[in-house]
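Trainee: I am new to this structure and should like to be guided through it step by step. May we look at it together?

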Amino acid sequence: MTDFPVDRVREQFPALDLTVGGRGVAYFDGPGGTQVPDGVLAAVARYYTERNANRHGAFITSEKTEETIRTGREKMAALLGADPDEIAFGANMTTLNFSLARALGRTLRPGDEVLITDMDHEANRDPWLDLREEGAVVRSVPMRLPECTVDMDELERMLNRRTRIIAIGWASNLSGAVVDLDRVQELARTVDATLVVDAVHYVPHLPADVHAAGCDFLLCSPYKFFGPHLGVLYGRREAFERLPTHRARAQRPTVPEKIETGTANHEGIAGTAAACDFIAGISGDGADLRCDLVCSMQAIAKYEDGLNRRLMRGLSDIDGAVLYGPAEDDRRTPTVSFTLRKRSPREVAQFLGERGIFVGDGHFYALTVVEKLGLAPTGGVVRAGIAPYNTEEEVDALLQGIEDIS
Ligand SMILES: Cc1ncc(COP(=O)(O)O)c(C=O)c1O
């Protein structure tokens, strides 16, 4: 299909050795969190065996911990096209976004408006909806159905001089729809609104560039791209410097530490750096980390797109299967949500799980999408997400399983 080094990729994931009932396991649950390669496991173990300490100490493990954090920022900056001191770490995207929203909330006056979208994960809705308590007006841009993507014309209509913040997902974790950020950033600029982008579902599948995205803040989660459970916030330097964060008195008031409350997950940061190295190693030649990462993400996107087309075509041939989200030629990630006429999403996921084929079912916190599709009372959707360690054979086994239970 392509020259993507899938065997070399697979060799690095010990979790692929797992079996269920004597069969190898196929992981299509990547949108909930991917599996982890050897390099990440080793980096986490190495942190604990050689570097484990808190910061600011006058001894070697503490110095190495500083270096670990510095390296983590450098590698994440290379992945996103940012500068290292524009990268902050936190418990997860949701927690960081609540901190960000609370801080930006301090800059709003009663009656100022925030735009969110119906397409978004609750992690990029509720932190902003909470600002209503401070007098902000929060409005949600509707989706176009059945593609489940943000209605851009509606977004333009809802924008006005009082719009101070636009918080939008780059890609939907339920439908795979990718938002036209060029248009969003253009619109944000017309009213000088702060643009916050949830890139949790985008970064694992497509090359990301914070400057091309034109955003002030962008969030992602390394556990969705082969790393540990952690969150990352990019803040454009000027916007980040102005951000009035809530912090402890002894905490540094400068970027990026100003939003990093408490002791960080040092081992997670070590693993995140290793996850970036893993990605870079897929197609890179080692000459320049940013180039290697972009090149590898392009290779991942192409490989995943091929598998996604196979999956979507196979699904549309299955009697009783209904697909939600953009068509295969639209801009999308390889994440496919569907229902079967005669089976609940939980029944499908359970049946496949017993065959060692792991898919998600439910709403995945994209609650509003599921509600607007009218699927909340029936258990949401089945979600299958492609990762670079998936193969054509696994896609075929998934399709066969769905056919068998449909
Ligand atoms: C699109 C999207 N945004 C936000 C989140 C929340 O991320 P975290 O689990 O790091 O808080 C998720 C998690 O599934 C997601 O898919």
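**The sheets and the domains**

Mentor: In this predicted model, an open sheet is formed by 4 strands in the order β13-β14-β17-β16, with antiparallel pairing.

Trainee: Which strands are the edge strands of this sheet?

Mentor: An edge strand pairs on one side only. In the order β13-β14-β17-β16, this applies to the strands of residues 321-324 and 360-362. The edge strands are therefore β13 and β16.

Trainee: In β17, which residue is the bridge partner of Val 336?

Mentor: β14 and β17 pair in the antiparallel sense over 4 bridges. Within β17, the partner of Val 336 is Ala 384.

Trainee: What angle does the direction of α11 make with that of β14?

Mentor: Helix α11 packs on this sheet and touches β13, β14 and β17. Its direction and that of β14 make an angle of about 15°.

Trainee: How is the protein divided into domains, and how far apart do the C-alpha centres of domain 1 and domain 2 lie?

Mentor: Domain 1 covers 6-37 + 290-405, and domain 2 covers 42-278. Between their C-alpha centres the distance is 25 Å.

Trainee: Which element gives the most residues to the side of domain 1 that touches domain 2?

Mentor: The contact takes 33 residues from domain 1 and 34 residues from domain 2. On the side of domain 1, the elements giving two or more residues are α11 (289-316), β14 (335-340), α13 (367-372) and β17 (381-385). With 8 residues, the element that gives the most is α11.

Trainee: How many residues on that side of domain 1 are nonpolar, polar and charged?

Mentor: The residues of the side of domain 1 that touches domain 2 fall into three classes. They divide into 6 charged, 9 polar and 18 nonpolar.

Trainee: There is also an open sheet of 7 strands; which are its edge strands?

Mentor: This sheet has mixed pairing and the order β4-β12-β11-β10-β9-β5-β6. Two of its strands, at residues 87-90 and 137-141, each pair on one side only. These edge strands are β4 and β6.

Trainee: Which residue in β9 stands opposite Leu 115?

Mentor: Strand β5 (residues 113-117) pairs with strand β9 (residues 163-169) in the parallel sense over 3 bridges. Opposite Leu 115, in β9, stands Ile 166.

Trainee: Which residues come nearest to the ligand?

Mentor: The shell around the ligand has 3 nonpolar, 9 polar and 1 charged residues. Of the 13 residues around the ligand, those that come nearest are Asn 92, Met 93, Thr 94, Asn 173 and Ser 221.

Key: Residues are numbered from 1 along each chain as its sequence is written. This is a predicted model: local features need pLDDT of at least 70, side-chain atom pairs count only at pLDDT 80 or more; totals for chains, interfaces and linings use all residues. Domain bounds come from an automatic or database domain assignment. Two residues are in contact if their C-beta atoms, placed from the backbone, lie within 7 Å. Ala, Val, Leu, Ile, Met, Phe, Trp, Tyr, Cys and Pro count as nonpolar, Asp, Glu, Lys and Arg as charged, and the others, Gly among them, as polar. A residue is near a molecule or strand if its C-beta atom, placed from the backbone, lies within 6 Å of it. Axes are lines fitted to C-alpha atoms, for helices over the stretch in contact, and angles run from 0 to 180 degrees between N-to-C directions.
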